[in-house]
Amino acid sequence: MPKKRKRAVKSLAHAYEVKAEISNATLAKAKSALTLQIYRRQVKLGEIQIGRGSLFWAGARRQSAKRIHWGKFAEMMDRLAYGKAQPKEPA
C-alpha cells in the first residue's frame with residue numbers, strides 16, 4: 001500500500017481586512033458616506049469613502065484624498081477587469 005503524503009497546511013488567517021463605518025444608513029443626504037479602511041496584515045493600505053456623487057481614495061500615508069467620479073471609476077474598473085474601456089454612450 002503506497003504511503004500517503006502530507007500536504008502543507010496553509011494559514012487560515014486572512015491577508016486582507018476591511019473595516020466599515022457608515023455615517024447615514026441610506027446615503028440619500030449630502031454629507032453621508034460609507035467609509036472602508038483597507039488593511040493587509042495589520043498595515044493600512046488606504047481608505048475609500050463612498051458617497052452619492054463620487055468616491056474618494058486616500059492612500060495609507062497621504063494627507064489628502066483623490067476624488068473619483070462614478071463614470072471615471074467605471075472606466076478604470078472596465079480597463080482593469082477587461083483590458084479595455086467600454087464604448088461611451090451617445091449623448
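Is Trp 70 buried, partly exposed or exposed? Trp 70 counts as partly exposed, because its relative accessibility is 31%, which falls between the 20% and 50% cut-offs. The model shown here is predicted. Trp 70 is a useful place to enter it.

Start with the overall layout. The chain has 1 helix and 5 strands. Along the sequence they run in the order β-β-β-β-β-α. The chain has 91 residues, and 15% of them are buried. Its exposed area is about 8600 Å². Carbon and sulfur atoms supply 55% of that area. Now take the contacts between residues at least 6 apart in sequence. Of these, 7% join residues at least 24 apart.

Next, the helix. H1 spans residues 70-82, and it has 13 residues. From first C-alpha to last, H1 reaches 18 Å. That is close to the 18 Å expected at 1.5 Å a residue. Just after H1 comes Gly 83, with a positive phi of about 85 degrees.

Within H1 lies an aromatic pair. The structure holds 1 such pair. Trp 70 and Phe 73 form it, in an edge-to-face arrangement. Their ring centres are 5.7 Å apart, and the planes meet at 85 degrees. Because Trp 70 and Phe 73 are 3 residues apart in H1, about one helical turn separates them. How exposed is Phe 73? Phe 73 has a relative accessible area of 29%, so it is partly exposed. Trp 70, at 31%, is also partly exposed.

Trp 70 leads back to the strands. Leaving aside neighbours within four places in sequence, Trp 70 is one of the residues in contact with Ser 54. Where does Ser 54 sit? Ser 54 is in strand S4, which covers residues 54-59. Its relative accessibility is 4%, so Ser 54 counts as buried; the cut-off for that label is under 20%.

The surroundings of Ser 54 can be listed. With the same neighbours left aside, Ser 54 is in contact with Gln 49, Arg 67, Ile 68, His 69 and Trp 70. With Arg 67 there is a polar contact between side chains, at 3.0 Å. Ile 68 is 14 residues from Ser 54 along the chain. The C-alpha atoms of Ser 54 and Ile 68 are separated by 5.7 Å.

Now move to the loop between S2 and S3. Strand S2 covers 34-40 and strand S3 covers 43-50. Arg 41 is in this loop, and so is Gln 42. What is notable in the backbone of Arg 41? Its phi is near 50 degrees, a positive value in a residue other than glycine. Gln 42 is not a glycine either, and its phi is positive at about 65 degrees. Arg 41 counts as exposed because its relative accessibility is 52%, and the cut-off for exposed is over 50%. Gln 42 has a relative accessibility of 69%, so Gln 42 counts as exposed.

One more ring deserves a look. Which residue lies over the face of Tyr 39? Lys 19 does, at 4.8 Å from the ring centre.

To retrace the path: Trp 70 pairs edge-to-face with Phe 73. Trp 70 is also in contact with Ser 54. Ser 54 is buried in this model, and its side chain makes a polar contact with that of Arg 67. In the loop between S2 and S3, Gln 42 is exposed.

Definitions and conventions. Residues are numbered from 1 along each chain as its sequence is written. This is a predicted model: local features need pLDDT of at least 70, side-chain atom pairs count only at pLDDT 80 or more; totals for chains, interfaces and linings use all residues. Side-chain values use heavy atoms; hydrogens and water are left out. Helices (H or I, at least four residues) and strands (E, at least two) are DSSP runs, numbered from the N terminus. Buried means under 20% relative accessible area, exposed over 50%, partly exposed in between (1.4 Å probe, protein chains only). A polar contact is a pair of N or O atoms within 3.5 Å; within protein, one must be able to donate a hydrogen and the other to accept it, and residues adjacent in sequence count only if both atoms are side-chain atoms. Contact means heavy atoms within 4.5 Å. Rings of Phe, Tyr and Trp (its six-membered ring) pair if their centres lie within 6.5 Å; planes under 30 degrees apart count as stacked, over 60 as edge-to-face and the rest as tilted. A charge sits over a ring if NZ of Lys or CZ of Arg is within 6 Å of the ring centre and within 35 degrees of the ring normal. The expected span of a helix is 1.5 Å times one less than its number of residues. Accessible areas come from the Shrake-Rupley method with a 1.4 Å probe; for residues, only the protein chains shown count as cover.
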